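Good morning, everyone; I would like to take a few minutes to walk through how the helices pack in this model, and then to look at its pocket. Please keep the structure open while I talk.

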Amino acid sequence: MNKRFWICGIVVSIAALLLDFLIHGLLLQPDYTALVPAGLFRGPEDATTYLPYLLGAHVLIGFGLTWLYRKGMERGRSVLGQGLRFGAAVAVMSTIPGYLVYYAVQPLPATLVHKQMIFSTIAMLLLGLLLAWLNPSRRTL
C-alpha cells in the first residue's frame, strides 16, 4: 500500500459519497419521502443520527474498490475500457444483486428499485472510470 493507494482510497470515498448524495439525497428523495409514513425509511431528522454509519460505509467503499481495482489492473490496456469493465463487474456482483435482495425482503415499489439499480450502476461505472484514471501505469499521481 503506497501513497497512490491512500490518495485513491480517499478520492474514491469522497466521490462515492457525492454520487450517493446525488442519487439518494436528491434524485430519489421524493420516492423515499413518500415511504417514510409507512416506516420503510427514516425521516430526515432521524436519518441524521446515522450519518457516521454512512461516512464509514463510504470509506469502506472507496478503499475496497481501490484495493480490488489495483489487484485486477492490467498494464497496457485501455484506461477507459478497464474502468468501465471494473465498474460493470462490481455492479453485476454487488450493486444490482443488493437491490434485488432488498426488493425481495422489503415491500419497496418496483419503480424505486429499478431507479436505484440504474442510478447506482451508472455511479459504479463512473467510480470505475475514476479509479482507472487515478491508477494508470504512470509513476506519480
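Let me begin with a contact between two helices, in which Arg4, Cys8, Val11, Val12, Ala15, Ala16, Leu19, Ile23, His24 and Leu27 of H1 meet Phe119, Ser120, Ala123, Leu126, Leu127, Leu130, Leu131 and Leu134 of H6, contact meaning heavy atoms within 4.5 Å. Helices here are DSSP runs of H or I with at least four residues, numbered from the N terminus. By class this contact has 15 nonpolar, two polar and one charged residues, where Ala, Val, Leu, Ile, Met, Phe, Trp, Tyr, Cys and Pro count as nonpolar, Asp, Glu, Lys and Arg as charged, and the others, Gly among them, as polar.

Before going further, I should say that this is a predicted model, in which local features need pLDDT of at least 70 and side-chain atom pairs count only at pLDDT 80 or more, while totals for chains, interfaces and linings use all residues. Residues are numbered from 1 along each chain as its sequence is written, and side-chain values use heavy atoms, with hydrogens and water left out.

As for geometry, H1 and H6 pack at an angle of about 160°, with their axes 10 Å apart, the axes being lines fitted to C-alpha atoms over the stretch in contact and the angles running from 0 to 180 degrees between N-to-C directions. That makes H1 roughly antiparallel to H6, a term used for angles over 145 degrees.

What, then, is the angle at which the axes of H1 and H4 cross? It is roughly 130°, and those axes come within 7 Å, so H1 and H4 are oblique to each other. The residues of this contact include Trp6, Ala16 and Asp20 of H1 and His58, Phe63 and Trp67 of H4, and they divide into 13 nonpolar, five polar and three charged.

H4, residues 51–72, also packs against H5, residues 79–105, at about 125°, with the axes 11 Å apart. The contact is made by Leu65, Leu68, Tyr69 and Gly72 of H4 and Gln82, Gly83, Arg85, Phe86 and Val90 of H5.

Finally, the largest pocket holds about 1500 Å³ of space. Of its 40 lining residues, the closest to its centre are Asp20, His24, Tyr32, Leu54 and His58. H4 gives the largest share of the lining, nine residues, and the lining as a whole divides into 25 nonpolar, 13 polar and two charged residues.

Conventions. On a 1 Å grid over the protein atoms alone, a cavity is a set of points where a 1.4 Å probe fits but cannot get out, and a pocket is an open set with protein on both sides within 12 Å along at least five of seven lines; lining residues have an atom within 4 Å of a point. Grid points are joined across faces, edges and corners, and a volume is the space filled by probe spheres set on the points. Angles under 35 degrees count as roughly parallel, over 145 as roughly antiparallel, 65 to 115 as roughly perpendicular and the rest as oblique.
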